[in-house]
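Subject: Structure handover

Hello,

Here is the structure I promised to pass on. Please open it beside this email and follow along.

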Amino acid sequence: MRNKKNILRIAFFFGVVLCTGLAVKWYNSYTVDEDTAPLVFVEPNEDMMQFYYLQSEELMEKSVTFDLHSSYTRYDINKEKREEILLQLWDGVGVPVKYNYKTNEVETLGDIEELKQIVSIYDKKNEYRFIPDSNNISFTLYDTIYVYDYEQKYYKKVYQFDYNSCSNFGFSYEWKNDGEIYLIKDGNFILYNIETESEEIILKNIGEVYFQMSDDERYITYQKQWGNGKRRKLYLVDLYTREKKEIHTIKTSSLVKAGFSPGNEYIFMIDYHRDIHRGIKYFYLYDIEKEKKYRLDINDLPLSTFVGWGK
């Protein structure tokens, strides 16, 4: 009789554990009902673009006919067209190109020889950006933001920042238009006018952080050190209401790119288990309206470097 009771207790215990596990899995699982834009990834080692569709859970891969640069570079998607991506060619320097994944066409940006002279001075850890309402692009090299002007056909410096005070993850910036830039200065989130060199403080005292902005310029996310310094918190700020909320605790010391969907309904995040080299990834989707984060069960997919949301 006692053995029977013990067996029932053990069975009940394992039943509770199993149900709890299933409940947690159900709670963390998430199905996107509406048809969304694809998540775009680049695989430089295989010269390949990857497109993952959340609703159909379909992964499409497209080989490109040029050699991609595999150095530490953060790419950008044209937020006006969404099918254009800034990439780098493997040519010893990392010449930036504009790639249209719908037409599979590549356009070299700027005077290659002039760019080689600029890049040779510093390393290649660049932040590329499309500039709204123009054909121009920008990129950072060490402590300077450069713009390539298509009409004048030359590179020009538009802003110089204090490299020693920028985030450990680099210097982040976003364009409002072809004359104004959102950036971090002295721990404040500001709007900088290139022509007048004037500054408008949007948010005070958020620190030297790495931020990313939504298409409509309503939201930003930024990452800030927390606790022992090995972890950070990811915050979402509504620039209309100035409301700030924590949406994720980052597990790794590496940069977590948080990409806003084209309609600003979702934020897609990739995190790593402590060490990026161990290759254990965690994928999350944050629903802005519901104020809820979901874990995506797509760890088995061979997804590489996240670029952003496509079209």
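Start with strand 20 and strand 21 (residues 266–272): they run antiparallel and are joined by 3 bridges. In this pairing, F260 stands opposite I267 of strand 21. Keep in mind that the model is predicted.

These two strands are part of a wider arrangement. It is an open sheet of 4 strands, in the order 20-21-22-23, with antiparallel pairing. Strand 20 and strand 23 (292–296) stand at the edges. Each has a single partner strand, so one side of each is left without a neighbour in the sheet. On average, neighbouring strands here are turned by 25° against each other, direction ignored. As background, strands of a sheet pair through backbone hydrogen bonds, either parallel or antiparallel.

Next, the hairpin. Strand 6 (residues 96–100) and strand 7 (residues 105–108) also run antiparallel, with 4 bridges between them. Y99 stands opposite V106 in strand 7. The hairpin has 4 residues between its strands. What phi does N104 take there? N104 takes a positive phi, near 60°.

Now the interior. The count comes to 1 cavity of 30 Å³ or more. The largest cavity has a volume of about 230 Å³. Its lining comprises 20 residues. Nearest the centre lie D76, K79, K257, G259 and V307. Which elements give two or more residues to the lining? They are strand 4 (76–77), strand 16 (210–213), strand 20 (258–260) and strand 24 (305–309). So strand 20 turns up twice: it lines the largest cavity and stands at an edge of the open sheet. By class, the lining of the largest cavity has 9 charged, 8 nonpolar and 3 polar residues. Do look at the charged ones when you have the model on screen.

On to the aromatic rings. The structure holds 19 aromatic pairs. Two of them are worth a closer look.

The pair of Y148 and Y155 comes first in this email. Their ring centres are 4.8 Å apart and their planes stand at 50°. Planes under 30 degrees apart would count as stacked and over 60 as edge-to-face, so this pair is tilted. Are the two tyrosines buried or exposed? Y148 has 5% relative accessibility and Y155 has 7%; buried means under 20%, so both count as buried.

F161 and F171 make a stacked pair. Their centres are 3.7 Å apart, with 5° between the planes. Both F161 and F171 are buried. Each lies in the loop between strand 11 (154–160) and strand 12 (173–177), so the pair ties together parts that are 10 residues apart in sequence.

Y148 and Y155 also belong to a cluster. Ring pairs link them with Y128, F139 and Y146.

Last, one loop residue. S304 sits in the loop between strand 23 and strand 24. Its relative accessible area is 16%, under the 20% cut-off, so S304 counts as buried. Which residue lies 262 residues from S304 along the chain, with its C-alpha atom 6.0 Å away? That residue is V42.

Those are the points to check on screen.

Best wishes

Conventions:
Residues are numbered from 1 along each chain as its sequence is written. This is a predicted model: local features need pLDDT of at least 70, side-chain atom pairs count only at pLDDT 80 or more; totals for chains, interfaces and linings use all residues. Side-chain values use heavy atoms; hydrogens and water are left out. On a 1 Å grid over the protein atoms alone, a cavity is a set of points where a 1.4 Å probe fits but cannot get out, and a pocket is an open set with protein on both sides within 12 Å along at least five of seven lines; lining residues have an atom within 4 Å of a point. Grid points are joined across faces, edges and corners, and a volume is the space filled by probe spheres set on the points. Ala, Val, Leu, Ile, Met, Phe, Trp, Tyr, Cys and Pro count as nonpolar, Asp, Glu, Lys and Arg as charged, and the others, Gly among them, as polar. Two strands pair if DSSP finds at least two bridges between them. Axes are lines fitted to C-alpha atoms, for helices over the stretch in contact, and angles run from 0 to 180 degrees between N-to-C directions. Rings of Phe, Tyr and Trp (its six-membered ring) pair if their centres lie within 6.5 Å; planes under 30 degrees apart count as stacked, over 60 as edge-to-face and the rest as tilted. Buried means under 20% relative accessible area, exposed over 50%, partly exposed in between (1.4 Å probe, protein chains only).
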